[in-house]
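Let's take a walk through this structure together, starting with its open space and then turning to a few side chains.

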Amino acid sequence: IEFLHRVADIFVEYFGSPADESAIKDNFSTVYQLLEEMVDNGWPLITEPNALQAIIRPPDVMNKLLSVVTGVSDTNVRSPSGTIANIPWRRAGVKHNPNEIYLDIVEEIDAVLDVVGNVISFDVSGRLEVQSKLSGIPDLLLTFKDPAVIDDCSFHPCVRYARYEADNVVSFVPPDGNFKLMRYRVKSSALHMGFTPPIICTPMLRYGQTSGTADDGLKGSIDIKLVARSISTLFNMEGKKGSVAIEDVSVTIPFGKFVKTATLNVNVGQVLYDEASKVAKWTIGNLNENMRPELTGTMKLDGTQKKSDEKPPLNITWKIPLASLSGLSVAGLSVTGERYKPYKGVRNIAKSGRFQVRCS
């Protein structure tokens, strides 16, 4: 599974996001070459972007135009440069100006909430995403303020695992560009105070016969309200008092098969209903305490379909910059092995994973 994730990441690195079916069809020659280098007789071989880019040139517009005009497909295979890197994940002779490195501590929570906002179950996981633009071969040492909250972690191959086991510090020579330094889960003991979600969602769905003529048929109604909490268990890493800004808020609403169609209205954002998949997506955007987003609507039911009592849960997505679910933060990030002093940026991001709300 990890190898399949790495293949997907390589395709995004080469073809951009999203690396969907059309992108693979347009670059089938490069895809074939990448898989030849990444897999040898069924075993993973070269999976680092820097090493692959030294062998296979990423496609560009000029190469595509030349292949169309001449009718000859460019193989994109580079000739050996003569400079072989001793580190598999970092190419030789890297130069940047200015030298800088950015580190994001991204934590996601998977949770199930009941209709009134009480948390039934939750689990917190995190990852460290790095954007490195450092010249030469720098040696980095990352320390945390409270490493005791980290549990069940996995690392990029550049990390010296023995050093982490001994001292709870992350020592590594970074790849050039974007990469995921580590993944981890948060210990349940670190979340002993529980979890108070930053958003309260109260959905209400009703199915049944409405008053009116017989031609109206079976109908139903839906009403969903959202409110941003003034107090939650999130750590505000900015150190400022007051409510946090919730970004990229959206609600995915699955309907049962017995729903023919739905007419939905919102007072904030926009809503789109896909009749083929019976799913509506309500995009709200930014949310603060003063806003009261509400979705209302009616549903026309299919009398020939068997109506089920099961109501699929809603899925809510949200993101809060400069906030943390566990309180994990960076104590220091030092660079040795090179003479320059790079710019270093660190930030925390809390966001939803599989965040579900049950319907009444």
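Keep in mind as we go that this is a predicted model. The largest pocket comes in at a volume of about 760 Å³. It is lined by 30 residues, and if you want to find its centre, look for Arg-6, Asp-9, His-156, Phe-179 and Lys-180, which are the closest to it. Which elements give two or more residues to this lining? They are helices H1 (2-15) and H4 (49-55), together with strands E4 (119-133), E6 (150-155) and E8 (177-186). H1 is the top contributor, with eight residues in the lining. As for chemistry, the lining is a mix: 11 residues are nonpolar, nine are polar and 10 are charged.

Next, go to the loop that runs between helix H5 (61-70) and strand E3 (100-113), where you'll find Asn-99. Is Asn-99 buried or exposed? Its relative accessible area is 15%, and the cut-off for buried is under 20%, so Asn-99 counts as buried. Its side chain reaches the backbone nitrogen of Ser-135 at 2.7 Å. Ser-135 also turns up among the residues that Asn-99 contacts once you set aside neighbours within four places in sequence. The others on that list are Lys-133, Leu-134, Tyr-340, Pro-342 and Tyr-343.

Now for the aromatic rings. Searching the whole structure turns up nine aromatic pairs. Take Phe-195 and Phe-355: their ring centres are 6.5 Å apart and their planes sit at 85°, so this pair is edge-to-face. It also ties together distant parts of the chain, since Phe-195 is in the loop between E8 and strand E9 (199-209) while Phe-355 belongs to strand E20 (residues 343-357), 160 residues apart. Phe-195 and Phe-355 are both buried.

A second pair to look at is Phe-255 with Tyr-273. Here the centres are 5.5 Å apart and the planes meet at 90°, so this one is edge-to-face too. Phe-255 lies in the loop between strand E12 (246-254) and strand E13 (259-266), and Tyr-273 is in strand E14 (residues 270-274), 18 residues apart, so to speak of a link between distant parts of the chain fits this pair as well. Both Phe-255 and Tyr-273 are buried.

Finally, go back to Phe-195 and Phe-355 and look around them. Which residues do ring pairs link into a cluster? Phe-122, Phe-195, Trp-318 and Phe-355.

Methods: Residues numbered from 1 in each chain as written. Predicted model: local features only at pLDDT ≥ 70, side-chain atom pairs only at ≥ 80, totals over all residues. Heavy atoms only, no water. 1 Å grid on protein atoms, 1.4 Å probe; cavity = no way out; pocket = protein on both sides within 12 Å on 5 of 7 lines; lining within 4 Å. Points joined across faces, edges and corners; volume = space filled by probe spheres on them. Helix = DSSP H or I, 4+ residues; strand = E, 2+ residues; numbered from the N terminus. Nonpolar A, V, L, I, M, F, W, Y, C, P; charged D, E, K, R; others polar. Buried < 20%, exposed > 50% of the residue type's maximum accessible area, 1.4 Å probe, protein only. Polar contact = N/O pair within 3.5 Å; in protein donor to acceptor, adjacent residues only side chain to side chain. Contact = heavy atoms within 4.5 Å. Phe/Tyr/Trp six-rings, centres within 6.5 Å; stacked < 30°, edge-to-face > 60°.
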